[in-house]
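Reader: I want to know how each label on this model was earned. Please set the values against the definitions.

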Number of protein chains: 2
Amino acid sequence: MTAVRELPLDQLLLGDAVEMMRMLPDASIDCVFADPPYNLQLRGELRRPDDSVVDGVDDDWDKFTDFAAYDEFSRAWLSEARRLMHKDATIWVIGSYHNIFRLGAIMQDLGFWILNDVIWRKTNPMPNFRGRRFTNAHETLIWAAREPKSRYRFNYQAMKSLNDDTQMRSDWTIPLCTGGERLRNQHGLKLHPTQKPEALLHRVILAATNPDDVVLDPFSGTATTATVAKRLNRHFIGIERHPAYVEAGWARLREMRAAPAHLTRPMPSRREAPRIAFGVLVERGLVPPGTLLHDRLRRVSATVAADASIIAGAHRGSIHQVGAAVQNAASCNGWTFWHIEREGRLVALDHVRETLRP
Amino acid sequence: MTAVRELPLDQLLLGDAVEMMRMLPDASIDCVFADPPYNLQLRGELRRPDDSVVDGVDDDWDKFTDFAAYDEFSRAWLSEARRLMHKDATIWVIGSYHNIFRLGAIMQDLGFWILNDVIWRKTNPMPNFRGRRFTNAHETLIWAAREPKSRYRFNYQAMKSLNDDTQMRSDWTIPLCTGGERLRNQHGLKLHPTQKPEALLHRVILAATNPDDVVLDPFSGTATTATVAKRLNRHFIGIERHPAYVEAGWARLREMRAAPAHLTRPMPSRREAPRIAFGVLVERGLVPPGTLLHDRLRRVSATVAADASIIAGAHRGSIHQVGAAVQNAASCNGWTFWHIEREGRLVALDHVRETLRP
DNA sequence: AGAACATCTGAATCTGGCA
DNA sequence: TTGCCAGATTCAGATGTTC
């Protein structure tokens with residue numbers, strides 16, 4: 001494969017993460033999700049965190065050789081990922097205490113701007129059999145923008161909606177991937193040691209992308225990221241070096257149907273809603289010239305002029321400017337500060353404005 | 001001050017962390033708890049939606065020019081701490097995404113052996129006022145042994161007892177330090193910007209030390225670590241460079257009474273652990289160690305231990321077991337059997353527990 | 001006295017579009 | 001790039017005030 005101009009959209013690419021990423025063009029990716037292997041073994045084999053817990057090999061880590069090799073490997077793929085990300089793109093990286101501190105520090109050194117660390121709290125973690133430590137009941141995700149000035153996407157209202165209408169917190173309680181979702185071979189053994197739950201990717205993708213965005217997973221495994229991306233009408237590119245995983249991933253993708261497009265758009269946020277100027281309310285007679293505006297407790301009032309400026313004593317200007325002036329404040333949201341009287345009760349301008357929205 | 005041979009036990013030392021640690025002898029400390037500056041990089045004033053100003057951390061001690069400066073500072077104090085720790089000692093370090101990845105990587109580089117990363121889940125975090133990120137609802141603790149071969153202390157049964165008789169997980173749900181526990185100045189403002197809850201230190205110290213062990217806190221602040229260590233009959237050494245904090249710490253220590261020694265020993269590990277959900281009340285100070293419990297008619301009484309077991313005569317165990325034993329009954333609901341005295345009246349534990357529910 | 005309501009606050013890397 | 005300014009944005013819990 002040689003470098004391509006056009007992105008290979010909705011593909012699982014068989015090959016090494018860094019080598020394959022080198023083929024892709026700069027600034028072409030909207031979001032990266034990466035579940036990197038955590039250790040480099042002597043034969044170049046890559047192991048993942050859960051593997052080490054089961055096998056008990058975590059105690060055998062040779063820190064001097066392996067930390068350096070792991071850091072070099074991490075810098076290589078993170079640098080390539082950063083090149084592929086456009087200015088406002090974000091990246092998610094998941095790991096455990098074995099590797100996440102190194103990954104986080106390297107990301108900061110490369111110029112990524114951490115937005116949150118997010119905890120995946122497992123409802124059903126593997127117990128600690130030897131009773132010598134706390135049950136390892138979580139993994140850590142780092143969510144970062146390409147750079148401090150990125151104007152990154154965050155679907156705040158969608159996350160709030162997903163969480164009973166309160167802000168989504170940095171700790172997510174989600175079960176392990178088990179049961180029918182867990183891919184198995186002919187012998188009923190799990191196909192991949194660390195298959196992530198689709199619920200986790202659902203939240204990641206819904207939080208940080210829009211429909212038709214391109215999500216890259218450089219350690220695709222059995223294509224959980226790609227599968228959820230397809231369901232949510234996002235484009236995906238997966239890279240995986242084990243042919244068996246790629247094959248299983250394609251089979252999984254064939255089974256997945258995308259949800260109807262209108263259901264996968266994030267909950268519209270007020271920030272992104274079309275702006276409605278106060279003048280429109282005046283023009284259309286909802287707040288005719290001469291109307292009296294009051295603050296919530298009727299301590300101050302103002303009069304609406306025909307040009308949608310308002311007048312309070314010596315102050316004249318926008319609803320925001322005059323609201324700030326009468327409070328002696330630096331700034332003010334006039335939409336929520338000012339009210340009009342309707343049937344004897346005060347109603348915020350913000351509420352009046354709602355009647356103009358679809 | 002010059003180097004000492006004997007440890008200055010149960011003292012708050014006024015001075016710089018690294019300089020003061022240099023005075024102390026090698027391999028003399030059993031456990032370190034460190035809450036270093038987080039290197040927050042706050043760019044401007046932040047206001048709540050109601051336009052009030054958030055009182056952020058703007059202290060000089062949290063100002064570093066860049067990551068390199070922060071790393072150098074971190075390597076210096078972590079190296080000294082490691083020299084002071086004996087072979088089997090452990091260290092706890094708390095931080096947020098701003099600094100914890102750098103700290104974790106440096107700890108690994110210095111030869112510490114990470115045992116767990118532990119998440120402090122805050123029940124009542126400050127929201128994200130701008131709706132641009134996930135609510136920052138947790139902080140991360142790293143628990144590490146001095147070296148891979150350390151035979152470190154972990155009071156497994158005490159942790160299990162504190163957690164409803166199931167293994168203590170790596171995520172701990174504990175509220176912020178507020179209310180009466182929060183130290184304030186004459187004007188009612190918080191004395192220290194980042195005072196940690198005693199419940200957090202209770203769990204840390206109970207998990208990883210024995211009575212009479214020496215706990216070092218190189219960034220002692222208002223002496224939360226020292227205060228909880230005293231309550232649990234551990235020795236402490238606190239280092240703090242701000243005289244006002246040291247003074248407040250001494251005042252706080254004078255108020256604290258150590259619990260009776262036999263109540264602060266961890267639950268014997270061979271013993272069948274009781275089925276309780278009582279530990280949270282002990283940890284949060286609602287039923288502090290040493291509290292006397294009575295039955296409704298004050299015919300029998302028992303004493304609360306730090307690990308939430310209770311003692312009545314020769315009986316020691318859960319509130320349920322001891323309740324059954326003193327009645328010569330097959331079983332007993334300790335929540336309704338045992339009462340504490342409040343303003344001269346007996347209140348059932350079940351009622352005390354209600355205050356922790358929403 | 002107690003319920004109902006109002007106010008305050010906590011380790012925070014906290015906006016975006018247009019001229 | 002910088003400056004201006006419209007306007008979007010909060011949860012749990014403790015404490016204080018009013019009815």
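Author: Start with Ser318(A): an N or O atom of its side chain is 3.5 Å from a phosphate oxygen of DNA strand D. The model is predicted, so local features need pLDDT of at least 70 and side-chain atom pairs 80 or more, while totals for chains, interfaces and linings use all residues. Residues count from 1 along each chain as its sequence is written, chains are lettered from A and ligands numbered from 1 in the order written, and side-chain values use heavy atoms, without hydrogens and water.

Reader: What makes the pair of Ser318(A) and a phosphate oxygen of DNA strand D a polar contact?

Author: A polar contact is a pair of N or O atoms within 3.5 Å. The Ser318(A) pair is 3.5 Å apart, so the pair counts. The side chain of Trp335(A) also has an N or O atom 3.1 Å from a phosphate oxygen of strand D. At Pro125(B), a polar backbone atom is 3.4 Å from a base oxygen of strand D.

Reader: Which elements give two or more residues to the surface near DNA strand D?

Author: Helix H5 (156-162) and helix H10 (319-327) of chain A do. H5(A) has the largest share, three residues. Helices and strands here are DSSP runs, numbered from the N terminus (helices H or I, at least four residues; strands E, at least two).

Reader: How do you know which residues are around DNA strand D, and which come nearest?

Author: A residue is near a strand if one of its heavy atoms lies within 4 Å of it. There are 28 such residues around strand D; Tyr156(A), Lys160(A), Gln167(A), His320(A) and Arg353(A) come nearest. Of the strand D atoms within that distance of the protein, 62% belong to sugar or phosphate and the rest to bases.

Reader: What classes make up the surface near DNA strand D?

Author: Seven residues are nonpolar, 14 polar and seven charged. Ala, Val, Leu, Ile, Met, Phe, Trp, Tyr, Cys and Pro count as nonpolar, Asp, Glu, Lys and Arg as charged, and the others, Gly among them, as polar.

Reader: And DNA strand C: which residues come nearest?

Author: Arg48(B), Tyr97(B), Met126(B), Arg130(B) and Arg182(B), out of 40 around it. Sugar and phosphate make up 47% of the strand C atoms that come within 4 Å of the protein. The surface near strand C has 18 nonpolar, eight polar and 14 charged residues.

Reader: What puts Arg48(B) in polar contact with DNA strand C?

Author: A polar side-chain atom of Arg48(B) lies 2.6 Å from a base nitrogen of strand C. That is inside the limit, so the label holds. The side chain of Asn128(B) has an N or O atom 3.2 Å from a base oxygen of strand C. Ile114(A) uses a backbone N or O atom, 3.1 Å from a base nitrogen of strand C.

Reader: Why do S15 and S16 of chain A count as paired strands?

Author: Two strands pair if DSSP finds at least two bridges between them. Strand S15 (339-342) and strand S16 (345-348) of chain A share four and run antiparallel, so they pair. Arg342(A) stands opposite Arg345(A). The hairpin has two residues between the strands, and Glu343(A) there takes a positive phi near 50°.

Reader: Where does UniProt place the feature "domain: RAMA"?

Author: The unreviewed entry puts it at residues 265-357 of chain A. Such annotations may be inferred rather than shown by experiment. The end C-alpha atoms of that span lie 19 Å apart, and the span is 27% helix and 23% strand.

Reader: What is the strand order of the eight-strand open sheet in chain A?

Author: S1-S10-S9-S2-S5-S7-S6-S8, with mixed pairing.

Reader: What makes S1 and S8 of chain A edge strands?

Author: Strand S1 (11-14) and strand S8 (171-174) each pair on one side only. Strand S2 (29-34) and strand S5 (85-95) of chain A run parallel, joined by five bridges. Cys31(A) has Thr90(A) as its bridge partner.

Reader: How do you know that helix H4 of chain A packs on the sheet?

Author: Contact means heavy atoms within 4.5 Å. Helix H4 (100-110) touches S5, strand S6 (113-122) and strand S7 (138-145) of chain A. Its direction makes about 165° with that of S5(A). Angles run from 0 to 180 degrees between N-to-C directions of lines fitted to C-alpha atoms, for helices over the stretch in contact.

How values were computed: A polar contact is a pair of N or O atoms within 3.5 Å; within protein, one must be able to donate a hydrogen and the other to accept it, and residues adjacent in sequence count only if both atoms are side-chain atoms.
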